[in-house]
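User: I'm new to reading structures and I'd like a close look at the part of this one where protein meets DNA. Could you walk me through it and then show me how the rest fits around it?

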There are 2 protein chains.
Amino acid sequence: MPVAPLFRPIDVAPAYQKVADAIEREIVNGRIKPGDPIGTEHDLVRQFGVNRSTIREGIRVLEEGGLIRRDSSRRLHACLPRYSKLASRLSRALVLHEVTFRELYEASMTLEVASIEGAVERASEENLAELADNLARSEAVVGHPAALAECDAEFHVLVAKASQNRVLQLAREPAAQLFYPTTEMIVTGVAEGGPRLVAAHRHLIDAIRRRDREAGVLWTRRHLQDWRRGFEKIASLDRSVEHMYMEHAQAARRR
Amino acid sequence: MPVAPLFRPIDVAPAYQKVADAIEREIVNGRIKPGDPIGTEHDLVRQFGVNRSTIREGIRVLEEGGLIRRDSSRRLHACLPRYSKLASRLSRALVLHEVTFRELYEASMTLEVASIEGAVERASEENLAELADNLARSEAVVGHPAALAECDAEFHVLVAKASQNRVLQLAREPAAQLFYPTTEMIVTGVAEGGPRLVAAHRHLIDAIRRRDREAGVLWTRRHLQDWRRGFEKIASLDRSVEHMYMEHAQAARRR
DNA sequence: CGCTCTAACTTTGTCGGACAAAGGGACAGA
DNA sequence: TCTGTCCCTTTGTCCGACAAAGTTAGAGCG
């Protein structure tokens, strides 16, 4: 017969975790603002009354979580977690879970359509200028797959930004990061891929400028379907995302 | 006149980072599989030829990233990053970026609709059984806001799971985690909130079972609009997500 | 007076060694 | 089979130390 639950589990978190939690609390509840200095390791040793090694382990945890970072002179500051860094964690997780390109494609279809809808509704002049600038650069490198793929990735980040919805921006990023390396392969392998890609971007900017939601959705779908057709020429949609991820992740880590 | 580029930048990452990178590489490229033991700290000291403090800092990084964890006896294992843990990082970031409930609502509308569409198309019998079980538990606690809110959160996780799309599952989670605490407040404040919530779930399960996409989308929209109406009775949609986050994040950390 | 260069001083990254507490395993006894 | 005990390993934490890189305060100079 099971005993009646008389005691609660005791909180026995190790010291470095408590240090990390304590600092995180101060940042999340706003007592430490992004940009504020945290103090030197020695300061923290004094404040928490634990050894420097312990403090350093706690700092690593927060650093990895993107809550604090070291500036040029390696001093500690609170900071806003960068989306791209967090997204690369997620991308890594997706790779490890061996998600397929089909899942990626389906999710991206949803997310990119939502982005363009937001952009059509709320894009500012500045957003449009950024997009136009991106388009110009894309046209200049239409013959260089690597550079074009990078422009494409940036283009969709800018569309998401133009949606003025940061939740959406963040939600689409992990899938987008996994798309990116394949775009280069596709543009390389399919002759008319580059021009079609740029043309789609042009139509998308046009749709945003005219606030034409239908056109925006239509061209986003076409754009993604182009990707899909191109991809299916080189691999099956049911293949899991794997190696293509590696290099890109390494590059992202260097920031 | 600029010198010809004779040398490449040298990799001057600190040792603990190199340790973390090296282990991460082995995990991501599959040479170490999820579940495999990593070895003791002492083993790693020998293998990498650095001090144990250095190894420990590297381990903290990987642990925070969810790539390795310590089992009951605190031995190190590789593991698949848990979505919920990563998502709580993202939720935290969203809080710090002071996103508004409007952004949350809009993004969730997109993501939850996509989830139900996937679920209608691909839910298995097992998925349906889990959902039915959740519904039964929800009906039992319809008068207890906290328990009901928890059931609601789980319900939508199960719907996303039924979509068989892990990218979608992951993408919706951060926003969902921020929703969750408010559901309790709403169910508490609005008398008919609980029964309406359960009724919506019932219709959603029914739609999935009948593979009725229209009904699924319709009831998902209604369900979210209910949330919105309830929320607007207690606060403005343009308020940023803040304090409500804290407690939930703390609880999530304990796993 | 303002600028540069140098000599302290700080801070970080790393190292070596140390120890208590907790877990795991083997073994004896009931 | 279950329990208690002893021993060994591993982890979490601490102490002290040092080189390298960055910072600060002057000293010296124009």
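Analyst: Sure, let's go step by step. Keep in mind that this is a predicted model.

Let's begin with DNA strand C. There are 17 residues around this strand, and the ones that come nearest are Arg52(A), Arg56(A), Ala15(B), Asn51(B) and Thr54(B). Notice that the names carry both chain letters, A and B. Which part of the strand faces the protein? Of the atoms of DNA strand C that come within 4 Å of the protein, 73% belong to sugar and phosphate.

You can pick out some of the individual contacts to phosphate. Arg56(A) has a polar side-chain atom 2.9 Å from a phosphate oxygen of DNA strand C. Arg70(A) also uses its side chain, with an N or O atom 3.4 Å from a phosphate oxygen of that strand. Asn51(B) does it with its backbone: a polar atom there is 2.8 Å from a phosphate oxygen of DNA strand C.

Now zoom out to the helices. Helix 3 (52-64) of chain A, helix 1 of chain B and helix 3 of chain B each supply at least two residues of the surface near DNA strand C. Helix 3 of chain A gives the most, with 3 residues. Sort that whole surface by class and you get 4 nonpolar, 4 polar and 9 charged residues.

Next comes DNA strand D. Here 18 residues are around the strand, and Ala15(A), Asn51(A), Thr54(A), Ser73(A) and Arg52(B) come nearest. Sugar and phosphate make up 71% of the atoms of DNA strand D that come within 4 Å of the protein. Asn51(A) has a polar backbone atom 2.8 Å from a phosphate oxygen of this strand, and Thr54(A) has a polar side-chain atom 2.7 Å from a phosphate oxygen. Arg52(A) points you to a base: a polar atom of its side chain lies 3.3 Å from a base nitrogen of DNA strand D. The helices that each supply at least two residues of this surface are helix 1 (15-28) and helix 3 of chain A, plus helix 3 of chain B. By class, the surface near DNA strand D has 4 nonpolar, 5 polar and 9 charged residues.

How are the two protein chains related? A turn of 180 degrees, with a shift of 0.1 Å along the axis, lays chain B on chain A with an RMSD of 0.1 Å. The two copies are therefore related as by a two-fold rotation axis. They also share the same contact surface, since 100% of the contact residues of chain B recur in chain A.

For a spot where the chains touch, try Leu90(B), in helix 4 (residues 83-96) of chain B. Leu90(B) counts as buried because its relative accessibility is 3%, and buried means under 20%. Beyond its neighbours within four places in sequence, Leu90(B) is in contact with Leu86(A), Leu90(A), Leu170(A) and Pro174(B). Pro174(B) is 84 residues away from Leu90(B) in sequence, yet their C-alpha atoms are 5.7 Å apart.

Finally, look at helix 2 (residues 41-48) of chain B, whose buried residues are Glu41(B), Leu44(B) and Val45(B). Down the helix axis these fall within an arc of 105 degrees, so they line one face of the helix. Arg46(B) and Gln47(B) are exposed on the face turned away from that buried side. The cover over the buried residues includes helix 1 (15-28), helix 3 (52-65), strand 1 (68-70) and strand 2 (76-78) of chain B. After helix 2 of chain B comes Gly49(B), with a positive phi near 70 degrees.

Note on methods. Residues numbered from 1 in each chain as written. Chains lettered and ligands numbered in written order. Predicted model: local features only at pLDDT ≥ 70, side-chain atom pairs only at ≥ 80, totals over all residues. Heavy atoms only, no water. Buried < 20%, exposed > 50% of the residue type's maximum accessible area, 1.4 Å probe, protein only. Helix = DSSP H or I, 4+ residues; strand = E, 2+ residues; numbered from the N terminus. Arc of directions from axis to C-beta. Contact = heavy atoms within 4.5 Å. Least-squares fit on C-alpha atoms with pLDDT ≥ 70 in both. Near = heavy atom within 4 Å. Polar contact = N/O pair within 3.5 Å; in protein donor to acceptor, adjacent residues only side chain to side chain. Nonpolar A, V, L, I, M, F, W, Y, C, P; charged D, E, K, R; others polar.
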